[in-house]
Amino acid sequence: MSTRTHPRIHAKPEELVPRILVRIMFGLVACVLVIVSLATLTGRPVQNTPPVAPIIAERAIILTGDASGAARVFDTNGTLIADFPSDKGGFVAGVERVLARNRGLQGIDPATPVLLQLRAGNRLSLYDPATGWSAELMGFGASNSRIFARLLDQP
């Protein structure tokens, strides 16, 4: 008969994750919730946002897409700028779905143009003036950002 003099480090075979790790995880989540709540309630200003850089080039575009991943991009006159088949337009169609959802929640026409903006420092972004939504396209990878950069250059 052996008696243990030290705490059990490993989980029981029927436990996938040791209880102590689960408790630590919930403790960290609670700490983050308290910190964010305090910052919000005290009106602490937002920090670590990207600096506002001057706009070098800008183009108003209209995005359309479908669930298959196909997407089309038009200028404000209705001229087709780019037509992406379902195997090439997944990112553009995904961005269009996010825009459509945000606009649908606010009751805004989905065919309203968005602004494709190139800012100083080669920062490419998409801004929806109707909803205030924006996305820094560099955060989605170079190949996805390149798709929108080509739209800025096309006549």
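User: Which residue in S3 is the bridge partner of Ala71?
Analyst: Phe84, in this predicted model.

User: And what makes S2 and S3 a pair?
Analyst: Two strands count as paired once there are at least two bridges between them. S2 and S3 have 4 bridges, in the antiparallel sense, so they pass that cut-off.

User: How do you know where S1 belongs?
Analyst: Look at both of its sides. S1 runs antiparallel to S4, with 6 bridges joining them, and pairs with S2 over 5 bridges, again in the antiparallel sense. On the S4 side, Glu58 sits opposite Gln117; on the S2 side, Ile62 faces Phe74. S1 and S2 also make a hairpin with 5 residues in between, where Gly69 in the turn has a positive phi of about 105°.

User: What is the strand order of the sheet, and which strands stand at the edges?
Analyst: The 6 strands are ordered S3-S2-S1-S4-S5-S6, in an open sheet with antiparallel pairing. S3 and S6 each have a single partner strand, so one side of each has no neighbour in the sheet, and that puts them at the edges. From one strand to the next, the twist averages 25°.

User: Which strands does H2 touch, and at what angle does it run to S1?
Analyst: H2 packs on the sheet against S1, S2, S3, S4 and S5, with its direction at about 85° to that of S1. H3 lies across S1, S2, S3, S4 and S5 too, at about 105° to S1.

User: How does the span of H2 compare with the expected one?
Analyst: H2 has 17 residues and covers 25 Å from first C-alpha to last, close to the 24 Å expected. Right after H2 comes Gly107, with a positive phi near 70°.

User: Why is the Phe91–Phe140 pair called tilted?
Analyst: The centres are 5.3 Å apart and the planes make 50°. Rings pair within 6.5 Å, and an angle that is neither under 30 nor over 60 degrees counts as tilted, so this pair gets that label. Phe91 is in helix H2 and Phe140 in the loop between S6 and H3, so the pair ties together parts 49 residues apart in sequence.

User: What kind of pair do Phe91 and Phe148 make, then?
Analyst: Edge-to-face: their centres are 5.8 Å apart and the planes stand at 85°, which is over the 60-degree cut-off. This pair links H2 to H3, with the two positions 57 residues apart in sequence. Phe91, Phe140 and Phe148 form one aromatic cluster, and the whole structure holds 2 aromatic pairs.

User: Are those three rings buried or exposed?
Analyst: Buried means under 20% relative accessible area. Phe148, at 0%, is buried, and Phe91 is buried with 15%. Phe140 has 44%, so it counts as partly exposed.

User: How do you class Arg103, buried or exposed?
Analyst: Its relative accessible area is 2%, and the cut-off for buried is under 20%, so Arg103 is buried. Arg103 lies in helix H2. Leaving aside neighbours within four places in sequence, its contacts include Asp109, Asp128 and Thr131.

User: Which other H2 residues are buried, and what covers them?
Analyst: Besides Arg103, the buried residues of H2 are Phe91, Val92, Ala93, Gly94, Val95, Glu96 and Leu99. The cover includes S1, S2, S3, S4, S5 and H3.

Methods:
Residues numbered from 1 in each chain as written. Predicted model: local features only at pLDDT ≥ 70, side-chain atom pairs only at ≥ 80, totals over all residues. Heavy atoms only, no water. Phe/Tyr/Trp six-rings, centres within 6.5 Å; stacked < 30°, edge-to-face > 60°. Buried < 20%, exposed > 50% of the residue type's maximum accessible area, 1.4 Å probe, protein only. Expected span 1.5 Å × (residues − 1). Contact = heavy atoms within 4.5 Å. Axes fitted to C-alpha atoms, helices over the stretch in contact; angles between N-to-C directions.
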